[in-house]
Amino acid sequence: MEGEPDTGASSRDERKAKEKAEILQRETQRKSFKLVAKILKKQESERTQEESADLLLHQDTVQELCSRQVRRNILKRKQEEVFDDTEDLRCKVGQLAEAVRQAQHLVIYTGAGISTAASIPDYRGPNGVWTQLESTRCEAEPTLTHMCIRMLHEENMVQHVVSQNCDGLHLRSGLPRHTLSELHGNMFIEVCTSCSPVREFVRLFDVTERTARHRHGTGRRCAHCGGELRDTIVHFGERGTLEQPLNWRGASNAAERADVILCLGSSLKVLKKYGCLWSMNRPAIRRPKLYIVNLQWTPKDDLATLKIHGKCDDVMRLLMEELNIQIPAYNQTEDPVLSLATPLRPDEEDSYTRKLIAPPAGGEDCSPDSLGQGGGTAVQGGWFGRGYSKGRKRKRRKVVV
């Protein structure tokens, strides 16, 4: 009807006016922050009267900028590496040794920090695992810490190992498969999820060169059903669903029974999110005692019985000395991956470019002819290798997982 206002045009004008006001407010705030930040960089004695007046006029901005600086300083301190001095380190390792002796069910959580001695970067990012690793991880060998963990398990002092690492070094150290949960997968293992149960193929090379987040096909196919093989890696933002090598059931069962948890070389920023690993549903007095070995701050530090600031290899060497246990050397000819590996079919020989794990010259022949034309291993309720112990090849055993 004539004479009635155009409500549509009116609301559009109001919306535009509001948006313009918000833009002007943000611009004013930006200029205010820039002005105050410039003034705060000066010593108080160097500021003019006009600048001092500006600070009084923009007190809210001053407080916000000061709060930001405090947060930046806290973050910087958390990222700094701290080393215990020699005396403190020995004292702390002595306390850890006593806890290991007294533990009824000790579980170890490991992060990338235990692999730095193998030249594998200890973080992800532009210069981290997913970029530098391509040229280093296939040449890496189990570190002193890996070998210590294996030996502690053989001495019945460690019941389970939960690892964030995908470098396969725990398996290659000889740690039995049933004792290990590789929560983020294993770079030497590809699987066929079309088979039931899931069929596993252990390889002598990194299977991930064609894979990425949300794209896990390796380009090879299952010899049994023809289904596409996929890697086992769990990337950021993904949820791991494979029974093996992730072995979440083993990890949660071990955490439930643990009376001592030893964290080695992990920032715990990812592991802290897995509630089943920390028994947080129990009263604090009934939770496992927590021991952390890491150079940087972790979000679990306040809950730790003891925090040791030291490199993992240094701490583990002292620990084994305290426990009077000899540290075995890694022997490439006895690497379990060599015996567990499934050889490629002739038409797959050109399906990879990464460097092979191979025994030293004159060692065991691991060519496809010597290993036979295998077809993978069913891993859910079926057969899978348990690795080596004390330099002897262990028989494969049927394990229900």
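Contact is taken here to mean that heavy atoms lie within 4.5 Å of each other. The structure examined is a predicted model, and two parts of it are described in turn, beginning with a set of paired strands.

Strand β2, which spans residues 160–163, is covered on both of its faces, since His160 and Val162 on one side are buried, as are Val161 and Ser163 on the other. This strand is paired in the parallel sense with strand β1 (residues 106–110) over four bridges, and within that pairing Ser163 of β2 stands opposite Thr110. Strand β2 also pairs with strand β3 (residues 180–182), again in the parallel sense, over three bridges; here Val162 has Ser181 of β3 as its bridge partner.

The second part concerns four cysteines, Cys192, Cys195, Cys222 and Cys225, at which an unreviewed UniProt entry places the feature "binding site". Although these residues are spread over 34 residues of sequence, they cluster in space, with a largest C-alpha distance of 8.6 Å.

Cys192 belongs to strand β4 (residues 189–192) and counts as buried because its relative accessible area is 0%, where the cut-off for burial is under 20%. When residues up to four places away in sequence are not counted, Cys192 touches Val198, Arg199, Phe201, Cys222, Cys225 and Leu229. Cys225, by contrast, lies in the loop between β6 (217–221) and β7 (228–231), and it is partly exposed, with a relative accessible area of 42%. With residues up to four places away in sequence again left out, the contacts of Cys225 are Cys192, Ser194 and Cys195.

Key
Residues are numbered from 1 along each chain as its sequence is written. This is a predicted model: local features need pLDDT of at least 70, side-chain atom pairs count only at pLDDT 80 or more; totals for chains, interfaces and linings use all residues. Side-chain values use heavy atoms; hydrogens and water are left out. Buried means under 20% relative accessible area, exposed over 50%, partly exposed in between (1.4 Å probe, protein chains only). Helices (H or I, at least four residues) and strands (E, at least two) are DSSP runs, numbered from the N terminus. Two strands pair if DSSP finds at least two bridges between them. UniProt positions are given in the numbering used here, feature names are shortened, and annotations may be inferred rather than shown by experiment.
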